[in-house]
Amino acid sequence: MDRKDRVVVAGLLIVLLFIIVNIFSTAHTMSDYEQRKESGNDRWKQVENRILQTEEKVNNLEKEIEQWKK
(Lines give C-alpha, C1' and ligand atoms only; values in the text may rest on other atoms or scores of the structure.)
Protein backbone atom coordinates (compact mmCIF):
# COMPACT_ATOMS: atom_id res chain seq x y z
CA MET A 1 0.00 0.00 0.00
CA ASP A 2 1.23 3.42 -0.77
CA ARG A 3 0.92 6.47 1.48
CA LYS A 4 -2.44 7.64 0.06
CA ASP A 5 -4.10 4.31 0.78
CA ARG A 6 -2.81 4.31 4.36
CA VAL A 7 -4.14 7.83 4.94
CA VAL A 8 -7.56 6.86 3.55
CA VAL A 9 -7.68 3.68 5.67
CA ALA A 10 -6.59 5.60 8.79
CA GLY A 11 -9.24 8.25 8.13
CA LEU A 12 -11.94 5.63 7.69
CA LEU A 13 -10.90 3.90 10.90
CA ILE A 14 -11.09 7.21 12.80
CA VAL A 15 -14.55 7.91 11.37
CA LEU A 16 -15.66 4.38 12.29
CA LEU A 17 -14.34 4.88 15.82
CA PHE A 18 -16.30 8.14 16.14
CA ILE A 19 -19.47 6.44 14.93
CA ILE A 20 -19.07 3.60 17.43
CA VAL A 21 -18.47 6.04 20.30
CA ASN A 22 -21.50 8.05 19.20
CA ILE A 23 -23.71 4.94 19.18
CA PHE A 24 -22.68 3.98 22.72
CA SER A 25 -23.07 7.56 23.91
CA THR A 26 -26.57 7.75 22.44
CA ALA A 27 -27.54 4.42 24.01
CA HIS A 28 -26.30 5.59 27.41
CA THR A 29 -28.17 8.89 27.10
CA MET A 30 -31.40 7.12 26.15
CA SER A 31 -31.04 4.70 29.07
CA ASP A 32 -30.43 7.58 31.50
CA TYR A 33 -33.43 9.46 30.11
CA GLU A 34 -35.71 6.44 30.58
CA GLN A 35 -34.55 6.02 34.18
CA ARG A 36 -35.19 9.69 34.95
CA LYS A 37 -38.58 9.53 33.22
CA GLU A 38 -39.65 6.54 35.33
CA SER A 39 -38.41 8.25 38.47
CA GLY A 40 -40.43 11.33 37.56
CA ASN A 41 -43.52 9.23 36.89
CA ASP A 42 -43.17 7.61 40.31
CA ARG A 43 -42.88 11.04 41.91
CA TRP A 44 -46.06 12.24 40.18
CA LYS A 45 -47.87 9.14 41.43
CA GLN A 46 -46.82 10.08 44.97
CA VAL A 47 -48.13 13.60 44.44
CA GLU A 48 -51.42 12.26 43.08
CA ASN A 49 -51.81 9.98 46.11
CA ARG A 50 -51.17 12.88 48.48
CA ILE A 51 -53.78 14.98 46.68
CA LEU A 52 -56.32 12.16 46.93
CA GLN A 53 -55.57 11.71 50.65
CA THR A 54 -55.96 15.44 51.23
CA GLU A 55 -59.26 15.49 49.35
CA GLU A 56 -60.49 12.60 51.48
CA LYS A 57 -59.51 14.42 54.68
CA VAL A 58 -61.25 17.60 53.51
CA ASN A 59 -64.40 15.64 52.67
CA ASN A 60 -64.35 14.02 56.13
CA LEU A 61 -63.90 17.40 57.78
CA GLU A 62 -66.77 18.84 55.76
CA LYS A 63 -68.98 15.96 56.91
CA GLU A 64 -67.99 16.60 60.52
CA ILE A 65 -68.76 20.30 60.15
CA GLU A 66 -72.18 19.46 58.75
CA GLN A 67 -72.81 17.13 61.70
CA TRP A 68 -71.79 19.87 64.16
CA LYS A 69 -74.16 22.32 62.53
CA LYS A 70 -77.13 20.04 63.11
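Let's start with Asp 32 and Arg 36, which sit four residues apart in helix H1, so about one helical turn separates them. Helix H1 covers residues 3–69. Please keep in mind that everything I show today is computed from a predicted model.

Now, what do Asp 32 and Arg 36 form? They form a salt bridge, and their closest N and O atoms are 3.3 Å apart. How accessible are the two partners? Asp 32 is partly exposed, at a relative accessible area of 31%. Arg 36, on the other hand, has 51% relative accessibility and counts as exposed. The cut-off for exposed is over 50%, so Arg 36, with its 51%, falls on the exposed side.

How many salt bridges does a search of the whole structure find? The answer is two. The other one I want to show you joins Lys 37 to Glu 34, and here the closest N and O atoms are 3.3 Å apart. These residues are again in helix H1, this time three residues apart, which is about one turn of the helix. Lys 37 is partly exposed, with 35% relative accessibility. Its partner Glu 34 is partly exposed too, with 38%.

While we are on charges, let me give you the overall count. The protein carries 12 positive and 12 negative side chains. If you take the centre of each set, the two centres lie 5 Å apart.

Let me zoom out to the whole chain. Which secondary structure elements are there in the protein? There are one helix and zero strands. The radius of gyration is 30 Å, well over the 11 Å that the globule rule gives for 70 residues, so the protein is more spread out than a compact globule. You can see this in the C-alpha trace as well, which spans about 100 × 10 × 5 Å along its principal axes.

A few distances may help you get a feel for that on screen. Take Asp 32 again: its C-alpha atom is separated by 30 Å from that of Leu 12, with their positions 20 residues apart along the chain. Next, try Ser 39 and Leu 16, which are 23 residues apart in sequence; C-alpha to C-alpha, they are 35 Å apart in space. Finally, go from Leu 17 to Asn 60, 43 residues apart along the chain, and the C-alpha atoms are separated by 65 Å.

Two of those residues deserve another word. Ser 39 lies in helix H1, and at 47% relative accessibility it counts as partly exposed. Leu 17 is in helix H1 as well, but Leu 17 is exposed, with a relative accessible area of 52%.

That brings me to the surface. What share of the 70 residues of the protein counts as buried? It is 0%. Buried means under 20% relative accessible area, so none of the 70 residues falls below that value. In total the protein exposes about 7100 Å², and carbon and sulfur atoms supply 61% of that area.

Where on the surface can we find a nonpolar patch? Look at Met 1, Val 9, Leu 13, Leu 16, Ile 20 and Phe 24, which form one. Together these residues have about 640 Å² of accessible area. Val 9, one of the patch members, is found in helix H1. Val 9 is partly exposed, with a relative accessible area of 37%. Leu 16, also in the patch, is the residue we just paired with Ser 39 at 35 Å.

To wrap up, here is the picture I'd like you to take away from this predicted model. We have one helix and zero strands, two salt bridges, 0% of the residues buried, and a nonpolar patch that includes Met 1 and Phe 24. Thanks, everyone, and I'm happy to turn the structure around for anybody who wants another look.

Definitions and conventions. Residues numbered from 1 in each chain as written. Predicted model: local features only at pLDDT ≥ 70, side-chain atom pairs only at ≥ 80, totals over all residues. Heavy atoms only, no water. Salt bridge = Lys/Arg side-chain N within 4 Å of Asp/Glu carboxyl O. Helix = DSSP H or I, 4+ residues; strand = E, 2+ residues; numbered from the N terminus. Buried < 20%, exposed > 50% of the residue type's maximum accessible area, 1.4 Å probe, protein only. Patch = residues over 30% accessible without salt bridge, like charges linked within 9 Å, V, L, I, M, F, W, Y side chains within 5 Å. Areas by Shrake-Rupley, 256 points an atom, 1.4 Å probe, with all protein chains shown as cover. Rg over C-alpha atoms; globule rule 2.2 N^0.38 Å. Lys, Arg positive; Asp, Glu negative; His and termini not counted. Charge placed at Lys NZ, Arg CZ, Asp CG, Glu CD.
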